[in-house]
Structure formats: C-alpha cells, structure tokens
Amino acid sequence: MGSVINSVTSVITSINWEVIAQLTLVGLIMLAGPAVIVVLASRNGNL
C-alpha cells in the first residue's frame, strides 16, 4: 500500500504546475477577446 501512495505522490510532484498555470492563464486571455466582442454585439455596442 505504501508503494501505491509513493507512486501517486511522485506523479503529483513531477507535474510542472507552473506550465499548467501559464497555459491556463494564456487560454483565459485568448478567450477574453472574443468574449468582449460577443458582449459588445449583444448590447449593440453599448458598454
């Protein structure tokens, strides 16, 4: 049972969380542009 826990923790610690965070934030920034266009179009250009 200890070996299973050790393997799970080694997988979790081997994940590069910084890269995942950066890709997530870049994805959110890329989605923000079209989201602004959709909001503007739905409000007929009135912010």
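**View 1. I15, a partly exposed residue in the loop.** In this predicted model, I15 has a relative accessible area of 32%, so it counts as partly exposed. You'll find I15 in the loop between α1 and α2. I15 also belongs to a nonpolar surface patch, along with residues including V11 and I12. For a sense of distance, try V38: it comes 23 residues away from I15 in sequence, and their C-alpha atoms are 35 Å apart in space.

**View 2. The nonpolar surface patch.** Which residues make the nonpolar patch? They are V4, V8, V11, I12, I15, W17 and I20, and together they cover about 620 Å² of surface. Two helices have a stake here: α1, running over 2–14, and α2, running over 17–42, each bring at least two residues to the patch. The top contributor is α1, with four residues.

**View 3. W17, a patch member in helix α2.** W17 sits in helix α2 and is part of the nonpolar patch. Is W17 buried or exposed? Its relative accessibility is 51%, and the cut-off for exposed is over 50%, so W17 counts as exposed.

**View 4. L31, further along the chain.** L31 is another residue of helix α2. With a relative accessible area of 59%, L31 is exposed. Now look for V8, one of the patch residues. L31 and V8 are 23 residues apart along the chain, and 33 Å separates their C-alpha atoms.

**View 5. Helix α2 and the residue just after it.** How many residues does α2 have? It has 26, and it reaches 37 Å from its first C-alpha to its last, close to the 38 Å expected at 1.5 Å a residue. Just past the end of α2 comes N44, which takes a positive phi of about 55°.

**View 6. The stretch listed by UniProt.** An unreviewed UniProt entry lists residues 20–41 as a "transmembrane region". In the model, this span is 100% helix and 0% strand. The C-alpha atoms at its two ends lie 32 Å apart. I20, where the listed stretch begins, is also one of the residues in the nonpolar patch.

**View 7. Stepping back to the whole protein.** Zoom out and the secondary structure comes to two helices and zero strands. Along its principal axes, the C-alpha trace spans about 60 × 20 × 10 Å. How much of the protein is buried? Buried residues make up 0% of its 47 residues. The protein exposes about 4200 Å², and 74% of that comes from carbon and sulfur atoms.

How values were computed. Residues are numbered from 1 along each chain as its sequence is written. This is a predicted model: local features need pLDDT of at least 70, side-chain atom pairs count only at pLDDT 80 or more; totals for chains, interfaces and linings use all residues. Side-chain values use heavy atoms; hydrogens and water are left out. UniProt positions are given in the numbering used here, feature names are shortened, and annotations may be inferred rather than shown by experiment. Patches are made of residues with over 30% relative accessible area and no salt bridge: like charges are joined within 9 Å, nonpolar side chains (Val, Leu, Ile, Met, Phe, Trp, Tyr) within 5 Å. Accessible areas come from the Shrake-Rupley method with a 1.4 Å probe; for residues, only the protein chains shown count as cover. A salt bridge is a side-chain nitrogen of Lys or Arg within 4 Å of a carboxyl oxygen of Asp or Glu. Buried means under 20% relative accessible area, exposed over 50%, partly exposed in between (1.4 Å probe, protein chains only). The expected span of a helix is 1.5 Å times one less than its number of residues.
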